[in-house]
Amino acid sequence: VVPGLSGTARAMKTTPTPRMDLNQDEVRTLLERAQAVLTPQDYEKVKALVEMAVYLSQAIEDRQTTIARLRKLLFGSGSEKTQDVVPPAPTAPPPTVPDGTAPPEPADGNPEPTPPSPGHGRHGAEAYRGAEKVRVPHAFLHSGDPCPECKQGTVYELAGPGVLVRIVGQAPVQATVYELQKLRCNLCGKVFTAQAPRGAGSEKYDATAASMMALLKYGSGLPFNRLEGLQGSLGIPLPASTQWDIVQATAGTVEPAYEELIRQAAQGEVLHNDDTTVKILEFMGKRARREAMAGEDSGRRGMFTSGIVSTCEDRRIALFFSGRRHAGENLATVLAHRAADLGPPIQMCDALSRNLPATFKTLLAHCMAHGRRSFVEVVEPFPEECRYVLEKLGEVYKHDALARERKLSPQERLRFHQTESGPVLGELRAWCARQFEERRVEPNSGLGQAIAYLLKHWEKLTLFLCQPGAPLDNNICERALKLAILHRKNALFYKTQNG
């Protein structure tokens with residue numbers, strides 16, 4: 001029942017309605033007719049309802065969409081931590097002594113206090129690396145002067161100065177107006193204009209302004225029109241069209257750096273890749289779709305932003321490609337620049353076939369987080385089984401965190417995982433196989449499919465047990481793709497492939 005509906009409306013809602021099949025063209029035509037007769041506010045509401053109905057119908061027709069997954073699609077997903085998704089395990093009763101009473105508390109000891117969790121406290125002055133530093137000398141004392149307090153000693157400069165941090169607000173793109181004095185001869189009429197000060201530059205828009213616009217737009221998801229409004233309210237106008245012209249002109253300047261980053265990324269030891277959807281308007285019409293797909297697979301309809309994160313020692317390079325190509329095809333474009341004397345890199349992705357580069361061999365590792373998430377989605381009907389799996393995987397992640405904390409080399413990390421995580425995963429694999437062998441779980445149930453996924457991809461999910469440097473999951477790439485998702489959420493779409 002929808003809150004606020006009248007009795008008549010509720011009766012109409014419960015009355016079964018005949019099924020009506022509509023294609024996308026019919027839906028678009030219907031919305032255009034509605035737009036002609038409705039107010040803009042009412043049209044937006046009707047459009048949102050229609051789009052939601054289309055989205056839900058597509059999700060329901062997908063046989064892999066469970067109720068839990070549909071709930072997450074509609075309302076978003078919360079935490080996937082084990083303590084948040086599985087009910088607490090039953091606590092054991094306290095041990096007793098032979099007379100039936102609880103053992104006495106130690107007389108000399110209180111329980112050790114739990115250390116506070118790290119929070120977001122104040123930042124020290126060393127954290128402000130981009131701040132302007134101003135050295136302030138003492139007003140009347142110098143190193144070597146006699147002490148004005150005791151009159152006997154000598155003052156000397158300490159290694160560390162006293163610090164004050166002062167933060168001011170300003171527009172993201174600043175402007176300076178130079179008023180150049182003009183002098184005119186009253187006899188010959190010659191005008192003499194003062195020279196611009198050194199550092200003023202010859203261009204109205206400095207290169208740093210172009211960088212800031214690009215970072216705000218593509219790095220922080222701030223659309224050009226929002227930056228235009230912010231700049232205008234602060235008295236430094238910056239039209240959206242001007243921003244586009246500046247960023248477009250700058251893109252050609254940084255193109256060689258982009259090509260060099262692709263070349264360097266191809267030499268990485270581990271390459272993560274994944275996809276997310278994107279809207280590019282010039283590809284969405286029928287004629288534009290035919291033109292864009294000329295010479296390609298006629299069944300290709302989707303548009304994607306592929307994220308590729310290359311890691312080598314402590315360096316990370318993130319690349320983004322938007323268009324009709326899948327992550328595997330874009331990864332093949334990057335690997336074409338790989339040096340011939342290098343062996344195949346480790347590739348981390350999920351189990352979708354479109355993530356694989358068809359023309360290059362990689363050491364394939366699958367994302368453990370994806371396998372874990374399959375159990376998170378079915379935790380309600382199978383709480384005990386899911387708790388067992390999540391706790392076992394939690395031990396493996398604790399071992400990996402400990403390896404990072406100790407700053408182990410790839411070979412040391414491999415041996416550490418083989419010693420600590422190997423037995424844990426051996427028990428988990430035996431448990432998974434036993435569920436099918438002893439017919440404890442229905443193969444077609446949610447739990448059965450989650451277990452089957454682990455067993456089917458076991459070698460690739462556990463590549464870190466036999467290959468130095470292999471990661472556990474693809475989280476680093478998924479975090480990088482949040483930049484593209486943030487841009488998609490705020491700007492909604494790209495108008496052209498060039499954009």
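Does Arg-404 count as buried or exposed, and at what relative accessibility? In this predicted model, Arg-404 has a relative accessibility of 57% and therefore counts as exposed, the cut-off being over 50%.

## Salt bridge and network at Arg-404

Arg-404 is joined to Asp-400 by a salt bridge in which the closest N and O atoms are 2.9 Å apart. Both residues belong to helix α12, which covers residues 383-405. Because they are four residues apart in that helix, about one helical turn separates them. Asp-400, in contrast to the exposed Arg-404, is buried, with a relative accessible area of 8%. The pair is part of a network in which salt bridges with shared partners join Asp-400, Arg-404 and Arg-413.

## Other salt bridges

The whole structure contains nine salt bridges. One of them links Arg-135 to Glu-157, with 2.6 Å between the closest N and O atoms. Both of these residues lie in the loop between α5 (82-85) and β1 (182-184), so the contact ties together parts that are 22 residues apart in sequence. Arg-135 and Glu-157 are both exposed.

A further salt bridge is formed by the side chains of Arg-263 and Glu-260, at an N to O distance of 2.7 Å. This pair lies within helix α8 (residues 240-266), where the two positions are three residues apart, about one turn of the helix. Arg-263 counts as partly exposed at 37% relative accessibility, and Glu-260 likewise counts as partly exposed, at 29%.

## The cavity

The count of cavities of 30 Å³ or more comes to one. The largest cavity has a volume of about 40 Å³. Its lining consists of Val-278, Lys-279, Thr-305, Ala-484, His-487, Arg-488, Leu-492, Phe-493 and Tyr-494.

By residue class, this lining divides into five nonpolar, two polar and two charged residues. Helix α16 (residues 475-491) supplies the largest share of the lining, namely three residues.

## A nonpolar surface patch

Leu-281, Met-284, Leu-492 and Phe-493 make a nonpolar surface patch of about 340 Å². Leu-492 and Phe-493 also appear among the residues that line the largest cavity.

Phe-493 is located in the segment after α16. With a relative accessible area of 37%, Phe-493 is partly exposed. This value lies over the 30% relative accessible area required of patch residues, so Phe-493 meets that accessibility criterion.

Note on methods:
Residues are numbered from 1 along each chain as its sequence is written. This is a predicted model: local features need pLDDT of at least 70, side-chain atom pairs count only at pLDDT 80 or more; totals for chains, interfaces and linings use all residues. Side-chain values use heavy atoms; hydrogens and water are left out. On a 1 Å grid over the protein atoms alone, a cavity is a set of points where a 1.4 Å probe fits but cannot get out, and a pocket is an open set with protein on both sides within 12 Å along at least five of seven lines; lining residues have an atom within 4 Å of a point. Grid points are joined across faces, edges and corners, and a volume is the space filled by probe spheres set on the points. Ala, Val, Leu, Ile, Met, Phe, Trp, Tyr, Cys and Pro count as nonpolar, Asp, Glu, Lys and Arg as charged, and the others, Gly among them, as polar. Patches are made of residues with over 30% relative accessible area and no salt bridge: like charges are joined within 9 Å, nonpolar side chains (Val, Leu, Ile, Met, Phe, Trp, Tyr) within 5 Å. Accessible areas come from the Shrake-Rupley method with a 1.4 Å probe; for residues, only the protein chains shown count as cover. A salt bridge is a side-chain nitrogen of Lys or Arg within 4 Å of a carboxyl oxygen of Asp or Glu. Buried means under 20% relative accessible area, exposed over 50%, partly exposed in between (1.4 Å probe, protein chains only).
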